[in-house]
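Colleague: Could you walk me through the local backbone and the sheet of this model? I would like to go one question at a time.

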Amino acid sequence: MTTHVLFRGPQSRNDNWQTLFADALPDVTWHHWPHVEDKAAIELMIVWKLPRDYQQDYPNLKVIFSVGAGVDQLDLASVPEHIQVVRMLDPGITKGMSEFIAMHVLNIHRDTFSYINANKTATWQQIPTIPSKKRRVGIFGLGHLGQTAAKTVLDLGFSVNGWSRSPKQVTQVNCFSGDKELPAFLSQTDILVSLVPLTPETRGILNLNTLSLLPKGASIINVGRGEQLIPEDVITLLDAEHLAYAVLDVFAIEPLPESHPLWQHPQVIVTPHIAAVTQDDSAGQVLLANVQRYINQTPLIGTVDRELGY
């Protein structure tokens, strides 16, 4: 029996994945949006964002696969309960995220950004360093990406704290959970790495009140979602010298407008949403395995919990 899959995305990725599926699963018929003759045949959809009127156009849709680790861009509230939503658990995304976090934790720890600014004025001035074990890195969100990042940072010799919505145990990580323990987590964090998923509870959570709970001289790395951070509050805390640096990879509006003050702030590094990028080869294998699971009627890997939103 043929399974019909629809991919909505770039032509180059389509070509890679179509070839992969043709070789491994010949009973799968691959379609590249918007070229679909029989829309009622589509059971599986692979997307970053859903096409308009997809519910009416694809009445037999059973599963939506996100090409990213997050699913908030799909507006889960609008997806009918009978349609499964699956997030991408690509090892390439995980590796890329850990690399990005490790790079900027080290840059902050060794004052790389201050030295870059000093270069502009030919200022020769050494900044005292402290041992990595005395620098506390706080992983805000201990999901799959957060736990992998925590291990990477631990391997670099840092002291690591972690916070999650519900209690978790992670080897060598001092774990906090829930709203009541958030202030204690923040007060013991010198470099905050935000990886929490976007939910109604986390929207705007990186604000003046919460970030003021960080110790004076702390820094923030936001690789979660742009909607979680209030840029004006970050600038206020940087200018007040409460925060030292901010590395920001995600924004509520992307691309970040050229006129935005974050671009020109000397203590801010802006990167264009590149901390973790889906890798065609590894992500293709993950999709392939999940589609095979669907055909075999076995549970899919990465299925989203509607109540949690991730």
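Colleague: Is Asp 53 buried, partly exposed or exposed?

Modeller: Happy to start there, keeping in mind that this is a predicted model. Asp 53 sits in the loop between strand 3 and helix 2 (54–57), and its phi is near 60°, a positive value in a residue other than glycine. Buried means under 20% relative accessible area and exposed means over 50%. With a relative accessible area of 46%, Asp 53 is therefore partly exposed.

Colleague: And how does Gln 172 count, buried or exposed?

Modeller: Gln 172 belongs to the loop between strand 7 (159–164) and strand 8. Phi of Gln 172 is also positive, near 70°. Most residues other than glycine have a negative phi. The relative accessibility of Gln 172 is 67%, so this residue counts as exposed.

Colleague: Thanks! Now the sheet: which strands stand at the edges?

Modeller: The open sheet has seven strands in the order 8-7-6-9-10-11-12, with parallel pairing. At each end of that order a strand has a single partner, so one side is left without a neighbour in the sheet. Those edge strands are strand 8 (174–177) and strand 12 (268–270).

Colleague: By what angle are neighbouring strands of this sheet turned against each other on average?

Modeller: The sheet in question is the open one with parallel pairing. Ignoring direction, the average turn between its neighbouring strands is 15°.

Colleague: Which residue in strand 11 stands opposite Ile 220?

Modeller: Strand 10 (residues 218–222) and strand 11 (residues 243–248) pair in the parallel sense, over four bridges. Within strand 11, the residue opposite Ile 220 is Ala 246.

Colleague: What covers the buried residues of helix 8?

Modeller: Helix 8 (residues 231–239) lies across strand 11 and strand 12, and runs at about 145° to strand 11. Its buried residues are Pro 231, Asp 233, Val 234, Ile 235, Leu 237 and Leu 238. The cover over them includes strand 11, strand 12 and helix 7 (208–211).

Colleague: Which residue with a positive phi follows helix 8?

Modeller: Helix 8 covers residues 231–239. The residue that follows helix 8 has a phi near 65°, and this residue is Glu 241.

Colleague: Last one: what is omega for the cis bond between Glu 254 and Pro 255?

Modeller: Most peptide bonds are trans. One cis bond runs from Trp 33 to Pro 34, with omega near 5°, and Pro 34 is in the loop between strand 2 (28–32) and strand 3 (42–47). Pro 255 lies in the loop between strand 11 and strand 12. For the cis bond joining Glu 254 and Pro 255, omega is about 0°.

Key
Residues are numbered from 1 along each chain as its sequence is written. This is a predicted model: local features need pLDDT of at least 70, side-chain atom pairs count only at pLDDT 80 or more; totals for chains, interfaces and linings use all residues. Side-chain values use heavy atoms; hydrogens and water are left out. Two strands pair if DSSP finds at least two bridges between them. Helices (H or I, at least four residues) and strands (E, at least two) are DSSP runs, numbered from the N terminus. Axes are lines fitted to C-alpha atoms, for helices over the stretch in contact, and angles run from 0 to 180 degrees between N-to-C directions. Contact means heavy atoms within 4.5 Å. Buried means under 20% relative accessible area, exposed over 50%, partly exposed in between (1.4 Å probe, protein chains only).
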